[in-house]
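Me: I am new to this structure and would like to go through it step by step. Could you take a look at it with me?

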Amino acid sequence: GSEGRGPIEIEAEALDNVKIVPWQAFTDTTPYLYAADVLMIPPSSAPLMQYGSTVLPLKVYLYLASGRAIFAGASADICEVLNPDNACLVETGQSANAVIALRDLLADPARLARLGEGAARSAAELTWDKRAEKIERFIEKRLAQRHAPLAPGWNTPVFLAECARWFNTGMQTKRWTAGSPL
């Protein structure tokens, strides 16, 4: 989405195959996802260089659910969800190589279709129901093993007290905030 007439918009005016549109409401983005041959998460190394880490963008899940080929940088967080079966992954920060890889991808309709199908399959495994099934299997497995001996010195009250201590320490030092990993 465009915020006005900046350098990108000016450069795009000379291109017949590029259309710059204003920012869209989330509910209006679906047609754009389905119209795309490739959905891109720019393979920039800037966030890693600037902040020392990156964050998995939520749009990854929308992209997977659209069943379109995905093009992205192979950062650690992206690779938790995307892989060669559902995306074309390139080294971050290597724009010349990324351009070549994107052109190769766009020139290969069979690969576009295969990656789109892989994206849709991945999305089907990332639903809340599938997550609940995995958690249920984990709990059932642990309950079946509940008679297994715990590490020396550990029992349920000790474990719960330790969890409370970790949580309180994190809250007091403000190392933990809503949405951050524990």
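Reply: Let us begin with a pair of residues: Glu13 and Arg5 are both exposed. Please keep in mind that this is a predicted model.

Me: What do the side chains of Glu13 and Arg5 form?

Reply: They meet in a salt bridge, with a distance of 2.9 Å from N to O. In general, side chains of opposite charge can pair when their charged atoms come close.

Me: How many salt bridges does a search of the whole structure find?

Reply: The search finds three salt bridges. Another of them links Glu162 and Arg165, at 2.3 Å from N to O.

Me: Where do Glu162 and Arg165 lie?

Reply: Both are in helix 8, three residues apart, which is about one turn of the helix. Arg165 has a relative accessible area of 43%, so it is partly exposed.

Me: And which residue forms a salt bridge with Lys130?

Reply: Glu125 does, and the closest N and O atoms of the two are 3.9 Å apart. Lys130 is partly exposed because its relative accessible area is 26%, a value between the cut-offs of 20% and 50%. Glu125 is also partly exposed, with a relative accessible area of 41%.

Me: Does Glu125 turn up anywhere else, or, put better, which residues line the second largest pocket?

Reply: Glu125 is one of the lining residues of that pocket. The others are Tyr61, Val81, Leu126, Thr127, Trp128, Arg131, Lys134 and Ile135.

Me: Which helix gives the most to that lining?

Reply: Helix 7, covering residues 128–144, gives the most, with four residues. By character, the lining of the second largest pocket divides into five nonpolar residues, one polar and three charged. The space in this pocket is about 340 Å³.

Me: Changing topic: what are the elements of the whole protein?

Reply: The protein has eight helices and three strands. Starting at the N terminus, the order is α-α-β-α-α-β-β-α-α-α-α.

Me: What share of the residues is buried?

Reply: Of the 182 residues in the protein, 24% are buried. Ile70, in strand 2 (residues 69–73), is an example: its relative accessibility is 0%, so Ile70 counts as buried.

Me: How far apart are Ile70 and Ala87?

Reply: In sequence they are separated by 17 residues, while in space their C-alpha atoms are 4.6 Å apart.

Me: What about Leu62, where is it found?

Reply: Leu62 is found in helix 4, which spans residues 59–66. With a relative accessible area of 36%, Leu62 is partly exposed. Its C-alpha atom is 9.9 Å from that of Leu39, and the two residues are 23 apart along the chain.

Me: Back to the surface, then. Which residues make the nonpolar patch?

Reply: Trp154, Val158, Phe159, Leu160 and Trp166 make a nonpolar surface patch of about 500 Å².

Me: Where is Trp166 found?

Reply: Trp166 is in helix 8, residues 156–172, and this is also the helix that holds Glu162 and Arg165.

Me: Why can Trp166 count towards a patch?

Reply: Patch residues need over 30% relative accessible area and no salt bridge. Trp166 is partly exposed at 47%, so it passes the area cut-off.

Conventions. Residues numbered from 1 in each chain as written. Predicted model: local features only at pLDDT ≥ 70, side-chain atom pairs only at ≥ 80, totals over all residues. Heavy atoms only, no water. Patch = residues over 30% accessible without salt bridge, like charges linked within 9 Å, V, L, I, M, F, W, Y side chains within 5 Å. Areas by Shrake-Rupley, 256 points an atom, 1.4 Å probe, with all protein chains shown as cover. Salt bridge = Lys/Arg side-chain N within 4 Å of Asp/Glu carboxyl O. Helix = DSSP H or I, 4+ residues; strand = E, 2+ residues; numbered from the N terminus. Buried < 20%, exposed > 50% of the residue type's maximum accessible area, 1.4 Å probe, protein only. 1 Å grid on protein atoms, 1.4 Å probe; cavity = no way out; pocket = protein on both sides within 12 Å on 5 of 7 lines; lining within 4 Å. Points joined across faces, edges and corners; volume = space filled by probe spheres on them. Nonpolar A, V, L, I, M, F, W, Y, C, P; charged D, E, K, R; others polar.
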